[in-house]
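Me: I have a sequence and a model open on my screen, and I would like to go through the packing with you. Could you take my questions as they come?

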Amino acid sequence: MDLPELNYRHVVNGEKLVIAIAQDYKTEEVLMVAYMNRDAFEKTIEIGKAHYWSTSRNQLWFKGESSGHVQEVKEIFTDCDQDALLLKVKQVGAACHQGYYSCFYREIQDNGQKLEIVKEKVFAPEKVYGE
């Protein structure tokens, strides 16, 4: 596959990665931030659904593989250094494994003194992932 050469300069556990930001393609709400290695990028392009590199499991991760909450990729942009990607996606279900549509469901308030949940859950994680 002939893909643009990205700058995989972020290294976690020996894996060369780019930062990947997922954004709702209609509302522009930022959904999540993850990493991609070359394999994840290739799979995302090939299938049209987001794949990432799980730094906690040290393996390729198809977003929605266990929950069914996939991200259908509509557009992909890269930054000027080509070390970060912006994926504009159609989110099926929710992006956050905690049950929220976006992983950015908490707001830092009162000059950093308070962390407040400002969004509603859209699913119960224990029903999707088990206890």
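Reply: What follows is a conversation about this structure, which is a predicted model.

Me: Let's start inside: which residues of the largest nonpolar core touch the most other members?

Reply: That core has 20 residues, and those touching the most other members are Met-32, Met-36, Phe-41, Tyr-52, Leu-85 and Leu-87. Two or more residues come from each of β2 (15-24), β3 (30-36), α1 (38-47) and β7 (84-91), and the element that gives the most is β3, with four residues.

Me: And what does Phe-41 touch, leaving out its sequence neighbours?

Reply: Not counting residues up to four places away in sequence, Phe-41 touches Leu-3, Pro-4, Leu-6, Tyr-8, Met-36 and Leu-85. Two of these partners, Met-36 and Leu-85, are also among the core residues that touch the most other members.

Me: Which residues of α1 are buried?

Reply: The buried residues of α1 are Ala-40, Phe-41 and Thr-44. Viewed down the axis of α1, they fall within an arc of 100°, so they line one face of the helix.

Me: What do those buried residues pack against?

Reply: They pack against the strands β3, β4, β5, β6 (71-78) and β7.

Me: How does that helix begin and end, then? Which residue caps its N-terminal end?

Reply: Asn-37 caps the N-terminal end of α1, with a side-chain oxygen that lies 3.2 Å from the backbone nitrogen of Asp-39. Just after α1, Gly-48 takes a positive phi of about 85°.

Me: Sticking with Asn-37, is that residue buried or exposed?

Reply: Asn-37 is buried, because its relative accessibility is 3%, and its place is in the loop between β3 and α1. The side chain of Asn-37 also makes a polar contact with the side chain of Glu-15, at 2.9 Å. Setting aside residues up to four places away in sequence, Asn-37 touches Tyr-8, Glu-15, Lys-16, Leu-17, Trp-53 and Leu-60.

Me: Another polar one: where does His-51 lie, and what does its side chain reach?

Reply: His-51 lies in strand β4, and its side chain reaches the backbone oxygen of Lys-49 at 2.9 Å. With a relative accessibility of 6%, His-51 counts as buried.

Me: What does His-51 touch further along the chain?

Reply: Not counting residues up to four places away in sequence, His-51 touches Met-36, Ala-40, Lys-43, Thr-44, Leu-60, Trp-61 and Phe-62. Of these, Ala-40 and Thr-44 are among the buried residues of α1.

Me: Changing topic to aromatics, how many aromatic pairs are there?

Reply: The structure holds three aromatic pairs. One of them joins Tyr-52 and Trp-61, whose ring centres are 5.2 Å apart and whose planes meet at 45°, so this pair is tilted. Another is formed by Tyr-100 and Tyr-105, and that pair is stacked, at 3.7 Å centre to centre and with 10° between the planes.

Me: Are the tyrosines in those two pairs, Tyr-52, Tyr-100 and Tyr-105, buried or exposed?

Reply: Tyr-52 is buried, with a relative accessible area of 0%. Tyr-100 counts as buried at 7% relative accessibility, and Tyr-105 also counts as buried, at 7%.

Me: Which residue lies over the face of Tyr-25?

Reply: That is Lys-74, at 5.4 Å from the ring centre of Tyr-25.

Me: Now the backbone: what is the phi of Asn-13, and what about Asn-58?

Reply: Phi of Asn-13 is near 50°, which is a positive value in a residue other than glycine, and phi of Asn-58 is likewise positive, near 55°. Asn-13 lies in the loop between β1 (10-12) and β2, while Asn-58 has its place in the loop between β4 (51-54) and β5 (59-62). Asn-13 counts as exposed, because its relative accessibility is 57%, whereas Asn-58 is partly exposed, with a relative accessible area of 39%.

Me: Last one, Ile-108: buried or exposed?

Reply: Ile-108 counts as exposed, because its relative accessibility is 64%. Ile-108 is found in strand β8 (residues 106-109) and, leaving out residues up to four places away in sequence, touches Lys-114 and Leu-115. As a general background, nonpolar side chains in soluble globular proteins tend to be buried together.

Terms used. Residues are numbered from 1 along each chain as its sequence is written. This is a predicted model: local features need pLDDT of at least 70, side-chain atom pairs count only at pLDDT 80 or more; totals for chains, interfaces and linings use all residues. Side-chain values use heavy atoms; hydrogens and water are left out. Buried means under 20% relative accessible area, exposed over 50%, partly exposed in between (1.4 Å probe, protein chains only). Contact means heavy atoms within 4.5 Å. A nonpolar core is a set of buried Ala, Val, Leu, Ile, Met, Phe, Trp, Tyr and Cys residues joined through side-chain atoms within 4.5 Å. A polar contact is a pair of N or O atoms within 3.5 Å; within protein, one must be able to donate a hydrogen and the other to accept it, and residues adjacent in sequence count only if both atoms are side-chain atoms. The arc is that of the directions from the helix axis to the C-beta atoms. Rings of Phe, Tyr and Trp (its six-membered ring) pair if their centres lie within 6.5 Å; planes under 30 degrees apart count as stacked, over 60 as edge-to-face and the rest as tilted. A charge sits over a ring if NZ of Lys or CZ of Arg is within 6 Å of the ring centre and within 35 degrees of the ring normal.
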